[in-house]
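Reader: I am new to this structure. Can you show me how to read it, one feature at a time?

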Amino acid sequence: MPQPRFVFGSLVLIAVALGGGAAAFAYTAGWFSPQRLTPKKIVNALAPPTGAALGHRRNHAKGICFTGVFEANGAGSVLSKAQVFTRGQYPALGRFNLATADPNAPDATVRVRGIGLRISTPDGQQWRSAMIDPPVFPVSTPRAFYELLLASKSKDPNAMKTFAGAHPEIAAFGAWAKNAPWTGSYAEERFNSLDSFVFTEGSGAEHTVRWSLLPAVQPVAVSPADLAKRGPDFLEQEIAERVRGGPQRWTMVVTIANPGDPTADPSKAWPEGRRTVAVGTLVVQQVEAERDGPCRDINFDPTVLPSGMKTSDDPFPAARSAAYARSYDLRTAEAKDYPRTATGAKP
Ligand code: HEM
């Protein structure tokens, strides 16, 4: 009976293949190397001492949704073949947010502000991005970010000093946090990708770039003490009111690296004088509360990119993608802890 032997042989092969798969999975999950940084570890490290806010993003937990359009002026087509750079209007969806794990943090207590953005094009592709307002990231690598989270929660009073000694790159971010003016509006913020990406032209030529959203509104400095006197949610109220009065705009500017610029390290600014291309305008037309809003169940994963854009040698986007997916899985499974209020709406 050759057939059963054949079947048995196949089963052995399948078992070997599955065993190999399981081992590979165990390896990537970090089970064989406890030092390995995993999405689970980094997301756990983001949790405040009181525990994560169930149903919410594990970082940038406080935010408000918006919708609008991206008006491409056509200039970006010299850098990338992505349809989003062809002159025209494309639907945009996003979220203004604060870099905190606490969805109820008073707005004046959070130094870093961010924006999540998704631009969709008729070819079915999307450009997702999550940007923040400092000009540099605090640290050079995802592991250093994890260690920073641990140090900031440590009971050792010298933990942060020790961390800064081992990671001197944090000084540039520290100087920004200490000296840069605060503003009273998301509409006055400049948001930066910080991570670098690679744009590909139709010809195949490549450019390593970073991008920023520059506000049309002139920023007005407000002292943290004055901001603290405003309500705990003044940023959300202000942007909702401002957009009710008329659409708000940011210019999308792409900066192209020179050879030798630090493309793999978002803690290092590129020198002044790099070539920049203004590729279009983000127009925010409507603001909606997060609870029932369209941004709530979106993962602004920075590796979701259209053809014509890809990740670079910067190690952050891959680490961020894995951490955001874990956060997304957790929070969407906890929808009962953050129920929508609209009648009949489904999480
Ligand atoms: C290893 C480094 C990082 C980790 C582990 C991390 C972690 C996270 C997590 C878990 C979320 C919530 C995701 C979700 O549930 O949808 C998040 C959101 C966010 N992150 Fe990061 N992040 C990192 C680096 C960065 C960098 C470099 C930037 C910007 C340059 C950034 C900007 C943002 C923004 C703007 C959001 C909010 C997006 C939204 O509204 O959904 N993050 N981050």
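Author: Start with a helix; the model is a predicted one. In helix H2 (residues 39-46), the buried residues include Ile 42, Val 43, Ala 45 and Leu 46.

Reader: Why do these residues lie on the same side of H2?

Author: An α-helix has 3.6 residues a turn, so residues three or four places apart point the same way. Here the buried residues of H2 cover an arc of only 155 degrees around the axis, so they share one side.

Reader: What covers the buried residues of H2?

Author: Helix H3 (142-153) and H8 are among the elements that do.

Reader: Which residues have the most contacts inside the largest nonpolar core?

Author: In soluble globular proteins, nonpolar side chains tend to be buried together. The largest nonpolar core has 47 residues. Val 84, Phe 96, Leu 117, Trp 127, Trp 211, Leu 213 and Leu 282 have the most contacts inside it. A second, separate core has 24 residues, including Ile 42 and Phe 316.

Reader: Is Asp 195 buried or exposed?

Author: Asp 195 is buried, with a relative accessible area of 4%. Its place is the loop between strand E6 (191-192) and strand E7 (197-200). Asp 195 touches Phe 316, Pro 317 and Arg 320, among others. The side chains of Asp 195 and Arg 320 are joined by a polar contact of 2.6 Å.

Reader: Which protein residue is the donor to the iron atom of the ligand?

Author: Tyr 324 is the single donor from the protein, through its OH, 2.2 Å away. Tyr 324 sits in helix H8 (residues 316-333). H8 also helps cover the buried residues of H2.

How values were computed. Residues are numbered from 1 along each chain as its sequence is written. This is a predicted model: local features need pLDDT of at least 70, side-chain atom pairs count only at pLDDT 80 or more; totals for chains, interfaces and linings use all residues. Side-chain values use heavy atoms; hydrogens and water are left out. Donors are N, O and S atoms within 2.8 Å of the metal (3.2 Å for Na, K and Ca); water is not among the atoms, so sites may look incomplete. Helices (H or I, at least four residues) and strands (E, at least two) are DSSP runs, numbered from the N terminus. A nonpolar core is a set of buried Ala, Val, Leu, Ile, Met, Phe, Trp, Tyr and Cys residues joined through side-chain atoms within 4.5 Å. Buried means under 20% relative accessible area, exposed over 50%, partly exposed in between (1.4 Å probe, protein chains only). The arc is that of the directions from the helix axis to the C-beta atoms. Contact means heavy atoms within 4.5 Å. A polar contact is a pair of N or O atoms within 3.5 Å; within protein, one must be able to donate a hydrogen and the other to accept it, and residues adjacent in sequence count only if both atoms are side-chain atoms.
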